[in-house]
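Welcome, and please open your viewer. Let's take a short walk together, one selection at a time.

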Amino acid sequence: MSERAVFLSRLEFSIMLIAGGIEEIACFPLPGAKEVDERQMIKAVYGLVQEGLLTVEADGIKLSKEMEESIASMKASSGYLLMESGDEGQPQRMIYPGNVAVILENTAGTGKDFRLSAKAQNEFWAWMEEIMEIPAAEAVSENEAAELIEINALAIHERELLQECTYPGAGLGIRLWIEKIKDRLGDVPCTGIRFIQNSSGRLCRDLILCRGCANLWFLWCDPDKDLLSGKENPVQIMPDAVETRKELQTFFWREVS
């Protein structure tokens, strides 16, 4: 697994995907043939070779060993996670849960459009804590987390306010849900994660990580298949706990052998 973050232009990223057998990627527009001339293509390939990300062989270009696992994991992933912070200053992120968690960030404005990195499955939550700037805390069990909530009046009040933040609906976007939470709790750090299944493009789960006085709250909803039924989608609200993190990670990685 590559331990370094790699910065790529749209064209360089497109070349990397093609070399790994991926012709398109959701949500990120890649350059079409009419947008690229031969000189640009040669320059991009040369740059990737210089960075040690590609090798040029007699039968074509191939990914270096460093990047081969990451791109293969993206290709094999059963779905992808769209991350939304609710802060327009934060980059858009996509995560491909596979043999490794491949993280793709939109870094437009830096001269390169994408930042590609990979984390092992057991590093996923530590990375989430880092980007949300969550203070390090010892992991507790579900029962211990519930007991801590019940002796904390502020945490009980937060839970009551979160219970008022009903799911806005799959078609309305996850940012609206974050806005509803911030309207009730104030400007608290939140990160939204939307899990999309690759095979059908179906939205499987919307998840909000919300920082409260008792560390983290997890809110999630699994949208009904019948979006026209008018049935309200139930929201799960859980405090941070070892079992909760394991349940969510199992859900995201459930089809990975």
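Begin with two helices in this predicted model. Select residues 153-163, which form helix H6, and then residues 174-185, which form helix H7. Their axes lie 9 Å apart, and the two helices pack at an angle of about 140°. Oblique is the word for angles that fall outside the parallel, antiparallel and perpendicular ranges, and roughly antiparallel begins only over 145 degrees; H6 and H7 are therefore oblique to each other. If you look at how they cross, the crossing of H6 and H7 is right-handed.

Which residues make the contact between H6 and H7? Show side chains for Glu158, Leu161 and Leu162 on H6, then add Ile181, Arg184 and Leu185 on H7. Colour these contact residues by type, and you will find 4 nonpolar, 2 charged and no polar.

Next, switch to the strands. An open sheet of 9 strands is waiting for you, with antiparallel pairing. To follow the sheet across, step through the strands in the order S1-S7-S6-S5-S4-S8-S9-S10-S11. Which strands stand at the edges? Select 6-8 for strand S1 and 236-239 for strand S11: each has a single partner strand, so one side of each is left without a neighbour in the sheet. As you move from one strand to the next, the twist averages 20°.

For a last stop, stay with S1 and add residues 114-119, strand S7. S1 and S7 pair in the antiparallel sense, over 3 bridges. Now pick out Val6, and opposite this residue you will see Leu116 in S7.

Notes. Residues are numbered from 1 along each chain as its sequence is written. This is a predicted model: local features need pLDDT of at least 70, side-chain atom pairs count only at pLDDT 80 or more; totals for chains, interfaces and linings use all residues. Side-chain values use heavy atoms; hydrogens and water are left out. Two strands pair if DSSP finds at least two bridges between them. Helices (H or I, at least four residues) and strands (E, at least two) are DSSP runs, numbered from the N terminus. Axes are lines fitted to C-alpha atoms, for helices over the stretch in contact, and angles run from 0 to 180 degrees between N-to-C directions. Angles under 35 degrees count as roughly parallel, over 145 as roughly antiparallel, 65 to 115 as roughly perpendicular and the rest as oblique. A crossing is left-handed if the near helix is turned anticlockwise from the far one by less than a right angle, and right-handed if clockwise. Contact means heavy atoms within 4.5 Å. Ala, Val, Leu, Ile, Met, Phe, Trp, Tyr, Cys and Pro count as nonpolar, Asp, Glu, Lys and Arg as charged, and the others, Gly among them, as polar.
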